[in-house]
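Biologist: I would like a close look at a single part of this model, followed by a connected account of what surrounds it. Please take your time over the answer.

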Amino acid sequence: MNAALPGAFTPAPSFFEATARQRVQQLLDAGSWREFLPPPTLASSPHLAALDMPGAFDDGVIIGAGLLGAKAVLVAAQEGRFMGGAVGEIHGAKIVGLLRRALAEKPAAVLLLVDSGGVRLHEANAGLIAVSEIMRAVLAARAARIAVLALIGGSCGAFGGMAIVCSLCSAVLMSEEGRLGLSGPEVIETVMGFEEFDARDRALVWRVTGGKHRYLMGDSADLVEDSSAAFRQGVLDCLGSQDTAPATLASLRATQKGLRARMTRFSSCRDGSEVWAGLGISAPQDVPLLERDALIGLKKGLPA
Amino acid sequence: MKLPQLLDSLFPDGHAITVSGQTITGTATTARGAVAVLGTTEGAAISHDIALTLAEGILDTIAQYPGRPLIFLVDTSGQALSRQQELLCLNGSLGHLAQCVDLARRQGHPSISLVTEQAVSGGYLSFGLMADRSYACTDAQVRVMDLKAMARVTKIAYERLAALAADSAIIAPGADNYCRMGAIDAIWEPPLAVSLEAALAEIAASKGMQDRRMAAGLARGGRQLAAGVAAAVLAAS
């Protein structure tokens, strides 16, 4: 019963549903992946053990080196199935170490496959400080003209401190299923109430934090289909066109101006569909239904 | 300490500081020369507007006063919690602020953050924790989440977390824990001006822009794994 029916349509493997290891294997050139500190090199988190919580030898993130389109890349992939991909002491230090290693190895890019709710509460202080260290390490890599790309398409999205990390990267690539935001909808609902943000309204959550919205607003440089092959092509396109120049006073002035302008322009909006109408999209209600290619075309046709 | 007293204690030689809403901007005189002062007060929740106002203050300082030190006064309850803020990618504005602090460092501006009342999560990440050195006033609160809320979210008994907090710096709120873990360099007692001048002198004498926090956490015993793991990644074949 496990054999596929003859002639049955076989969809591309979903990036959203894949494990961190599957994502890395599918993303990179076949046979090129080399994991650093593979299980069981490191002990699992003693902080989780102290709370009788199960640990993992990779602490929820795998790191290593490989080739993508024959270009050398360093990769960190968070495993959303372990503690929601949350950053603890070991988890964070692995990513920091990888980014520091990039300074010496000068890869074509560091790829961060982000799938995380943010700081791991069970090691809260260590997690928060680790996120800050990742932030500094991303910017140090970028200052050395190494591209750092964030790929967001996992089941946990990119939230909390990891969302700030994403915004520091050279570019963000998202799938429609990807979500990016600082506070998760559940947190906002818990603190501010159901009327402020109904976290169970999945369509609303996607209109506020999802890949299509972030792409239309320019917070994600590209929108890709939900497959490792599509993310792979997105990275290749990015590496071909990416300007690796680090931030300058002029570039941050320009960003500042853009962020101020859009804050003013969209200050009364509370739903993605209102923003899309403001961007000049004539049928914003159709955006959630559009295929990826149609949405790319729609964005290209928008007034500047 | 209320903000006016705090400013007088930090800058007895004079200051010209404006508080607009919960955002602090201005300049002050120290024994080591003029400094830019930027920050937040009354437990501000960092919004797009606050992040961009602070970022603008940093960019203006870089443009107009090369090398002028940046003093960040941190009193934040975290990030603004609203759908409207998230809709416009709040992480992006906080990231932009963090990038401005980093650019200032690379352009030769020393930076110091001082937690005056409280520092929480994203609000602290966006500027306080980006500074070259971080300090906290006595009694300042630093945390991701208080233990009671943490107990609710993690579904671990509060008593259990409190017992663990007694001998580990990893989960319990407190500036002293962040000090043991390497993120905060020292707790400042009044008179604050003496500590500030010593900190400015220390940064001026130190070399390099490396993040020293893992090594500090290891040396102080509060964070014993991170430095070794990062070093192992660098050495891995």
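Which residue's side chain meets the side chain of Arg21(A) in a salt bridge?

Modeller: The structure is a predicted model, and what follows should be read with that in mind. The partner of Arg21(A) is Glu35(A), and the two side chains meet in a salt bridge with an N to O distance of 3.0 Å. Because Arg21(A) lies in helix H1 (residues 20–27) of chain A and Glu35(A) in strand E1 of chain A, the pair ties together parts that are 14 residues apart in sequence. Over all chains, the count by this rule comes to 26 salt bridges.

The loop between strand E1 (34–36) and helix H2 (46–49) of chain A holds Pro40(A), and Leu37(A) also has its place in the loop between E1 and H2. The phi angle of Leu37(A) is near 50°, which is a positive value in a residue other than glycine. As for Pro40(A), the peptide bond that leads to it from Pro39(A) is cis, with omega near 0°. Chain B has a cis peptide bond as well, from Pro190(B) to Pro191(B), again with omega near 0°, and Pro191(B) sits in the loop between strand E9 (186–188) and helix H9 (192–205) of chain B.

From salt bridges within chain A one can turn to those between the chains, where the rule finds four across the interface of chain B and chain A. One salt bridge between these chains joins the side chains of Asp52(A) and Arg160(B), with an N to O distance of 3.0 Å. The same interface has 32 residue pairs in polar contact, counted where both residues have pLDDT 80 or more. On the side of chain B that touches chain A, helix H4 (residues 90–106) of chain B provides the largest share, 14 residues, and by class that side has 44 nonpolar, 18 polar and 12 charged residues.

In terms of extent, 74 residues of chain B are in contact with 79 residues of chain A. The area buried between the two chains is about 6,700 Å², and carbon and sulfur atoms give 66% of it. Within chain B, the residues that lose the most area to chain A are Leu81(B), Arg83(B) and Leu87(B), which together account for 13% of what that side buries.

The pockets bring residues of both chains together. The largest pocket has a volume of about 1,400 Å³, and of the 43 residues that line this pocket, Gly117(A), Leu121(A), Val187(A), Met145(B) and Val153(B) are the closest to its centre. Helix H6 (185–192) of chain A, together with strand E5 (70–79), helix H5 (121–126) and helix H6 (147–154) of chain B, each supply at least two residues of the lining, and H6(A) gives the most, with five residues. The lining of this largest pocket divides into 20 nonpolar, 16 polar and seven charged residues.

The second largest pocket, for its part, has a volume of about 830 Å³. Of the 33 residues lining the second largest pocket, those closest to its centre are Ser167(A), Cys169(A), Gly218(A), Thr255(A) and Gln99(B). Helix H5 (161–168), strand E7 (171–175) and helix H10 (249–265) of chain A each supply at least two residues of this lining, as does H4 of chain B, the helix that also gives the largest share of the side of chain B touching chain A. Within the lining of the second largest pocket, the largest share comes from H10(A), with nine residues, and by class the lining divides into 15 nonpolar, 13 polar and five charged residues.

Finally, there is the enclosed space to consider: by this rule the count comes to one cavity of 30 Å³ or more, and the largest cavity has a volume of about 30 Å³. Its lining is made up of Ala76(A), Gln78(A), Ile95(A), Leu112(A), Leu113(A), Val114(A) and Met162(A). Strand E3 (71–78) and strand E4 (109–114) of chain A each supply at least two residues of that lining, with the largest share, three residues, coming from E4(A). By class, the lining of the largest cavity has six nonpolar residues, one polar residue and no charged residues.

Technical notes:
Residues are numbered from 1 along each chain as its sequence is written. Chains are lettered from A and ligands numbered from 1 in the order in which they are written. This is a predicted model: local features need pLDDT of at least 70, side-chain atom pairs count only at pLDDT 80 or more; totals for chains, interfaces and linings use all residues. Side-chain values use heavy atoms; hydrogens and water are left out. Contact means heavy atoms within 4.5 Å. Buried area is the accessible area (1.4 Å probe) that two parts lose on being put together, summed over both. A polar contact is a pair of N or O atoms within 3.5 Å; within protein, one must be able to donate a hydrogen and the other to accept it, and residues adjacent in sequence count only if both atoms are side-chain atoms. Helices (H or I, at least four residues) and strands (E, at least two) are DSSP runs, numbered from the N terminus. Ala, Val, Leu, Ile, Met, Phe, Trp, Tyr, Cys and Pro count as nonpolar, Asp, Glu, Lys and Arg as charged, and the others, Gly among them, as polar. On a 1 Å grid over the protein atoms alone, a cavity is a set of points where a 1.4 Å probe fits but cannot get out, and a pocket is an open set with protein on both sides within 12 Å along at least five of seven lines; lining residues have an atom within 4 Å of a point. Grid points are joined across faces, edges and corners, and a volume is the space filled by probe spheres set on the points.
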